[in-house]
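My notebook is open and the protein is up on the screen. I'll jot down what I look up, one topic at a time.

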Amino acid sequence: MTNYRVRALALRKTKLGESDLIITMLAEDGCQIRAVAKGARKTTSRFGARLEPFSVTDVMLAHGRTLEIVTEAESVTSHEALRSDFDAVRAAAVVADFLEKVSVECQAEERLFALGTTTLDVIERSAADLYPVIVAAFLVKGMAMHGYRPALANCVGCGGKAGERPGFSLAEGGVVCDACGQGDTSVIAVSPGVPDVLSALLLSKLADLEALAVPPALVRETLLLLKAFIGYHVPARMKALDAYVKDV
Ligand SMILES: [Zn+2]
């Protein structure tokens, strides 16, 4: 049996049998791995908390019959502080859920791993009132890496000015003018500031979001638009995001 080592971000754990866990992970190359950690639910488990969701771990894997098998796990970044904070966990759950859903076919962009781990680092060291804008920035950057970078400067249909009261076409993936929005049932009316917020989030580093000082109402509207945009293009339902936008 050949073992191989992979650096991975743990996204989810699922119970298996009496004492095992299935760990869903995003590997550094953007591929999703599902692996069995035998005995991981025993208090004496040699894995300890190293395979908990949101932790970055160097895992040694062996090929199993259906799933891979974790034979060793060495912690890289535990995100322990993040896991002990309720609001941080809710924000991090959106990150993990998104990464799980877009990486399922092993066609994920490899930059998603760095985006995901950096987002968790920034959540862990930020104040709670910044979590919503961090989540919004993660989602729009993640969608861009997944092939859906929204067009925000000009109308996505004709290239002209989008007008005073822009619409956002979920289907076309960008702002539309009145004429181009006609007959497009996926168009959502957005506040004039929302396209600018999305542009700023795409261009800003995650560590610099505080300086943007986006008003909470615009963050909330941006998150609702991103939820609709993701729902339109990513077939799987993201429960963590659904729950998150309800309370922001
Ligand atoms: Zn147009």
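I started in the middle of the sheet: A35 stands opposite E68 in β5. On another strand, I23 stands opposite A35 in β3. One residue along from A35, V36 stands opposite I69 in β5.

Before going on, I noted that this is a predicted model, where local features need pLDDT of at least 70, side-chain atom pairs count only at pLDDT 80 or more, and totals for chains, interfaces and linings use all residues. Residues are numbered from 1 along each chain as its sequence is written.

I also wrote down my terms. Helices (H or I, at least four residues) and strands (E, at least two) are DSSP runs numbered from the N terminus. Two strands pair if DSSP finds at least two bridges between them.

**Around β3**

How many bridges join β2 to β3? I found six, and these two strands run antiparallel. They form a hairpin with four residues between them, and G30 in the turn has a positive phi of about 90°. On to β5 (residues 68–77): two bridges join it to β3 (residues 32–37), and this pair is parallel.

Is β3 enclosed or open? Five of its six residues are buried, so β3 is largely enclosed by the rest of the structure. My cut-offs: buried is 20 or more other C-beta atoms within 10 Å of a residue's own, exposed is 12 or fewer, and partly exposed is in between, with C-beta atoms placed from the backbone.

**The barrel**

I followed the strands round and got a closed barrel of five, in the order β1-β2-β3-β5-β4, with mixed pairing. The twist averages 50° from one strand to the next. Helix α2 (residues 86–102) packs on the sheet, where it touches β1 (3–16), β2 (20–27) and β3, and its direction makes about 110° with that of β1. For such angles (0 to 180 degrees, between N-to-C directions), axes are lines fitted to C-alpha atoms, for helices over the stretch in contact. Contact means C-beta atoms, placed from the backbone, within 7 Å.

**Two odd phi values**

I keep a reminder here: most residues other than glycine have a negative phi. F54 is not a glycine, yet its phi is positive, about 80°. F54 sits in the loop between β3 and β4 (56–62), and it is buried, with 24 other C-beta atoms within 10 Å. H79 has a positive phi too, near 50°. I found H79 in the loop between β5 and α1 (80–83), buried with 23 other C-beta atoms within 10 Å.

**Helices α4 and α6**

In α6 (residues 193–203), I marked V194, P195, V197, L198 and L201 as buried. Seen down the axis of α6, they fall within an arc of 160°, so they line one face of the helix. That arc is of the directions from the helix axis to the C-beta atoms. They pack against α4 (131–145), β7 (174–176) and α8 (216–233).

Why do I call α4 largely enclosed? Because 13 of its 15 residues are buried. After α4 comes G147, with a positive phi near 100°.

**Whole protein**

I counted nine helices and eight strands. Of the 248 residues, 40% count as buried. The C-alpha atoms fill a box of roughly 60 × 35 × 25 Å, taken along the principal axes.

Notes
Two residues are in contact if their C-beta atoms, placed from the backbone, lie within 7 Å.
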